Amino acid sequence: MANILRGVMASVQPNLKTFVKYARVELVPPSPSEIGGAARGIGNIISSAKSGKWKQLTVKQAWLNLLVATEVTCWFFIGECIGKRSFIGYKIDV
């Protein structure tokens with residue numbers, strides 16, 4: 001049993017180091033300056049929607065935008081399921 005545990009630890013350790021390396025960068029909350037950048041980004045989206053600039057996107061850019069929107073939508077629904085603790089409806093005590 002100890003040999004199996006040593007083998008598992010040896011195979012997990014490099015992956016864990018990689019995870020920690022990226023988690024320190026990606027899983028931190030946004031700083032106040034980054035929040036301001038998000039507000040500017042939303043303003044840019046609104047202005048490009050009004051001016052018709054979105055019609056000039058390449059297929060690659062449009063595909064990337066679609067994938068990002070899909071990811072955000074999926075994370076929203078996953079969060080809803082976690083919050084409800086159910087896939088279907090909310091539990092209401094009558």
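1. Lysine 84 deserves a careful look in this predicted model, since its side chain is buried and yet makes no salt bridge. The nearest side chain of opposite charge belongs to glutamate 80, and it lies 5.3 Å away, whereas a salt bridge is counted only within 4 Å.

2. As for its surroundings, lysine 84 lies in helix H3, which runs over residues 59-84, and, once neighbours within four places in sequence are left aside, lysine 84 is in contact with Gly89 and Tyr90.

3. Helix H3 itself has 26 residues and reaches 37 Å from its first C-alpha to its last, which is close to the 38 Å expected at 1.5 Å a residue. Just after H3, arginine 85 takes a positive phi of about 60 degrees.

4. Helix H2, covering residues 32-51, can be described in similar terms, with 20 residues and a reach of 29 Å from first C-alpha to last, close to the expected 28 Å. Glycine 52, placed just after H2, takes a positive phi of about 85 degrees.

5. A nonpolar patch on the surface is formed by Met1, Ile4, Val8, Val12, Leu16, Phe19, Val20 and Leu27, which together present about 830 Å² of accessible area. Valine 8, one of the patch residues, has its place in helix H1, residues 2-26. Valine 8 counts as partly exposed because its relative accessibility is 41%, a value that falls between the limits of 20% for buried and 50% for exposed. In an α-helix there are 3.6 residues a turn, so residues three or four places apart point the same way.

Definitions and conventions: Residues numbered from 1 in each chain as written. Predicted model: local features only at pLDDT ≥ 70, side-chain atom pairs only at ≥ 80, totals over all residues. Heavy atoms only, no water. Helix = DSSP H or I, 4+ residues; strand = E, 2+ residues; numbered from the N terminus. Buried < 20%, exposed > 50% of the residue type's maximum accessible area, 1.4 Å probe, protein only. Lys, Arg positive; Asp, Glu negative; His and termini not counted. Contact = heavy atoms within 4.5 Å. Patch = residues over 30% accessible without salt bridge, like charges linked within 9 Å, V, L, I, M, F, W, Y side chains within 5 Å. Areas by Shrake-Rupley, 256 points an atom, 1.4 Å probe, with all protein chains shown as cover. Expected span 1.5 Å × (residues − 1).
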